[in-house]
Amino acid sequence: MRDIRPPERRERRRTVTDPPAGVDREALADGAAYVAWDPHSADTLPPAAPLDRTAEELLRAALTEGLLGGPWERDFPRYAWYRVGDVVREFRLAGRTPGRYTGYTLHPSEWPEGLT
């Protein structure tokens, strides 16, 4: 009997990309919010983030600085990244509300292409 499972869908490798033309990164950051996963897992961002900045401040910095990755959904990029030394925080759209992100730390093997 043949195996009729649907093919596995793998997300493409994370890549830093330029935002679409006309996107105001400051406005983008102003419209974003950080939401913690419930329940917290070991790799979600803690309430206090490095450099005495909150997770929401890091998210907004990532969006403002343009470390973004698509696809874009409801006027926001699916991914945004912030790097502090040898630590990369990834923020990913979460839920149905536009601009709501959750975040976690990436292993160096998971860092997006084009991150400087």
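User: How far apart are the closest N and O atoms in the salt bridge that R60 forms with E56?

Analyst: A salt bridge here is a side-chain nitrogen of Lys or Arg within 4 Å of a carboxyl oxygen of Asp or Glu. R60 and E56 are both in helix 2, four residues apart, or about one turn of the helix. Their closest N and O atoms are separated by 3.0 Å.

User: Before we go on, what is the average pLDDT of the protein chain?

Analyst: This is a predicted model, where local features need pLDDT of at least 70 and side-chain atom pairs count only at pLDDT 80 or more, while totals for chains, interfaces and linings use all residues. Residues are numbered from 1 along each chain as its sequence is written, and side-chain values use heavy atoms, with hydrogens and water left out. pLDDT is the predictor's confidence in each residue, from 0 to 100. In the protein chain, 76% of the residues score at least 70, and the average is 82.

User: Where is confidence lowest among the elements?

Analyst: Helices (H or I, at least four residues) and strands (E, at least two) are DSSP runs, numbered from the N terminus. At the top end sits helix 1 (residues 25–30), with a mean of 95. At the bottom, with a mean of 44 over residues 48–49, is strand 2.

User: What pattern does the protein chain follow along the sequence?

Analyst: There are two helices and seven strands to place. Reading along the sequence gives α-β-β-β-α-β-β-β-β.

User: How much of the protein chain is buried?

Analyst: Buried means under 20% relative accessible area, exposed over 50%, and partly exposed in between, with a 1.4 Å probe and protein chains only. Helix 2 (residues 55–65) has its share, with A55, L58, L59, A61, A62 and L63 buried. Out of the 116 residues in the protein chain, the buried portion is 34%.

User: Which residue meets R14 in a salt bridge?

Analyst: The general idea is that side chains of opposite charge can pair when their charged atoms come close. For R14, the N to O distance is 2.5 Å, and the partner is E90. This pair links distant parts of the chain, 76 residues apart: R14 is in the segment before helix 1, and strand 6 (residues 87–93) holds E90.

User: And is E90 buried or exposed?

Analyst: Its partner R14 counts as partly exposed, because its relative accessibility is 23%. The strand around E90 is mostly covered, with five of the seven residues of strand 6 buried. E90 itself has 0% relative accessibility, so it counts as buried.

User: Which residue stands opposite E90?

Analyst: Two strands pair if DSSP finds at least two bridges between them. Strand 5 (residues 76–84) and strand 6 run antiparallel and are joined by six bridges. They form a hairpin with two residues between them, and G85 in the turn has a positive phi of about 60°. Opposite E90 stands W81.

User: Moving to the other neighbour, what is the bridge partner of L93 in strand 7?

Analyst: Strand 6 also pairs with strand 7 (residues 100–106), in the antiparallel sense and over six bridges. That hairpin has six residues between the strands, and G95 takes a positive phi near 80°. In strand 7, L93 is partnered by Y101.

User: Which residue does R78 form a salt bridge with?

Analyst: A search of the whole structure turns up three salt bridges. R78 counts as buried because its relative accessibility is 18%. The closest N and O atoms of this bridge are 2.5 Å apart, and the partner of R78 is E73.

User: How far does the backbone oxygen of T64 lie from a polar atom of the R25 side chain?

Analyst: Contact means heavy atoms within 4.5 Å, and leaving aside neighbours within four places in sequence, R25 touches P19, L63, T64, E65 and G66. R25 is in helix 1, while G66, which follows helix 2, has a positive phi near 85°. R25 and G66 are 41 residues apart in sequence, yet their C-alpha atoms are 7.0 Å apart. As for T64, its backbone oxygen and the polar side-chain atom of R25 are separated by 3.0 Å.

Technical notes:
A polar contact is a pair of N or O atoms within 3.5 Å; within protein, one must be able to donate a hydrogen and the other to accept it, and residues adjacent in sequence count only if both atoms are side-chain atoms.
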